[in-house]
Amino acid sequence: MSVTLEQIAVDCADALALATFWAQVLETEVDAGGNQYAATVNKAGGGPAMMFLKVPEQPSEIKNRFHLDLSSSDWAAEVDRLVALGAKRQGEFSEYGVHWITLTDPEGNVFDLAEAH
């Protein structure tokens with residue numbers, strides 16, 4: 001018996017809006033039937049889905065302890081594209097031979113985009 005990562009669940013205020021942002025980031029689409037309460041994005045080419053669920057909680061004021069790390073071979077263009085989609089720059093870093101930028105999605109969830117080599 002083995003375990004498979006099926007979905008990454010994200011609590012949010014507007015499931016459809018945040019799913020739409022992440023679908024654009026991953027260059028795919030929101031699955032049919034998505035709404036402001038629940039929406040899913042499947043990554044083209046496999047991998048786990050992202051499931052967005054509306055929760056009654058207020059937005060977090062602290063850094064999330066779990067975040068996504070993305071990479072791109074066209075790093076500068078992708079940073080600009082993600083910012084145009086609604087991401088906000090938080091900082092740029094170079095450590096351990098890796099160059100990346102930390103961003104937040106429209107609801108303030110932190111994620112990183114590294115420069116692929």
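## Close-up views of a predicted model

**View 1. One helical turn links Arg81 and Glu78.** Arg81 and Glu78 lie 3 residues apart in helix 2, which means that about one helical turn separates them. Everything shown here and in the views below belongs to a predicted model. Helix 2 covers residues 75-85, and Glu78 is found within this helix. The side chains of Arg81 and Glu78 meet in a salt bridge, with 2.8 Å from N to O. In general, side chains of opposite charge can pair when their charged atoms come close. Is Glu78 buried or exposed? Its relative accessibility is 19%, so Glu78 counts as buried, the cut-off being under 20%. Arg81, with a relative accessible area of 22%, is partly exposed. If you set aside the neighbours within four places in sequence, Glu78 is in contact with Ser72 and Leu113.

**View 2. A salt bridge joins Asp80 and Arg89.** How many salt bridges does a search of the whole structure find? The search finds 2. One of them was the subject of the view above, the pair Arg81 and Glu78; here we look at the side chains of Asp80 and Arg89, which meet at 3.3 Å from N to O. Asp80 counts as partly exposed at 47% relative accessibility. Arg89 is partly exposed too, with a relative accessible area of 46%.

**View 3. Strand 5 and strand 6 form a hairpin.** Strand 5 (88-95) and strand 6 (98-104) have a loop between them, and that loop is the place of Tyr96. The two strands pair in the antiparallel sense over 7 bridges. To find your way along the pair, start at Gly91, whose bridge partner in strand 6 is Thr102. This hairpin has 2 residues between its strands, and Tyr96 takes a positive phi near 55° there. Most residues other than glycine have a negative phi, and Tyr96 is a residue other than glycine with a positive value. What is the relative accessible area of Tyr96? The value is 78%, so Tyr96 is exposed.

**View 4. Strand 6 also pairs with strand 7.** Moving on along the chain, strand 7 takes in residues 110-115, and 5 bridges join it to strand 6 in an antiparallel run. Leu103 stands opposite Phe111 in strand 7, a handy pair to look for. The hairpin of strand 6 and strand 7 has 5 residues between the strands, and Gly108 takes a positive phi near 90° in it. Why can strand 6 be called largely enclosed by the rest of the structure? Of its 7 residues, 6 are buried, and therefore the description fits.

**View 5. Three strands make an open sheet.** Now to another part of the model: 3 strands form an open sheet in the order 1-3-2, with mixed pairing. Strand 1 (7-12) and strand 2 (38-41) stand at the edges with a single partner strand each, so one side of each has no neighbour in the sheet. Neighbouring strands of this sheet are turned by 20° against each other on average, direction ignored. Helix 1 (residues 15-25) packs on the sheet and touches strand 1, strand 2 and strand 3, and its direction makes about 155° with that of strand 3. Strand 3 takes in residues 49-54 and pairs with strand 2 in the antiparallel sense over 4 bridges. In this pairing, Thr40 stands opposite Met51 in strand 3.

**View 6. Glu27 sits in the loop after helix 1.** The loop between helix 1 and strand 2 is the place of Glu27. Which sign does the phi of Glu27 have? The sign is positive, with phi near 55°, in a residue other than glycine. Glu27 counts as exposed because its relative accessibility is 60%.

**View 7. The whole protein puts the close-ups in context.** The secondary structure comes to 2 helices and 7 strands, and from the N terminus on the elements run β-α-β-β-β-α-β-β-β. Along the principal axes, the C-alpha atoms fill a box of roughly 40 × 35 × 30 Å. A compact globule of 117 residues would have a radius of gyration near 13 Å, and the protein has 15 Å, which agrees. Buried residues make up 32% of the 117 residues. The accessible surface comes to about 7,600 Å², of which 53% belongs to carbon and sulfur atoms. Among contacts between residues at least 6 apart in sequence, 48% join residues at least 24 apart.

Notes: Residues are numbered from 1 along each chain as its sequence is written. This is a predicted model: local features need pLDDT of at least 70, side-chain atom pairs count only at pLDDT 80 or more; totals for chains, interfaces and linings use all residues. Side-chain values use heavy atoms; hydrogens and water are left out. Two strands pair if DSSP finds at least two bridges between them. Axes are lines fitted to C-alpha atoms, for helices over the stretch in contact, and angles run from 0 to 180 degrees between N-to-C directions. Contact means heavy atoms within 4.5 Å. The radius of gyration is taken over C-alpha atoms; the globule rule is 2.2 Å times the number of residues to the power 0.38. Buried means under 20% relative accessible area, exposed over 50%, partly exposed in between (1.4 Å probe, protein chains only). Accessible areas come from the Shrake-Rupley method with a 1.4 Å probe; for residues, only the protein chains shown count as cover. A salt bridge is a side-chain nitrogen of Lys or Arg within 4 Å of a carboxyl oxygen of Asp or Glu.
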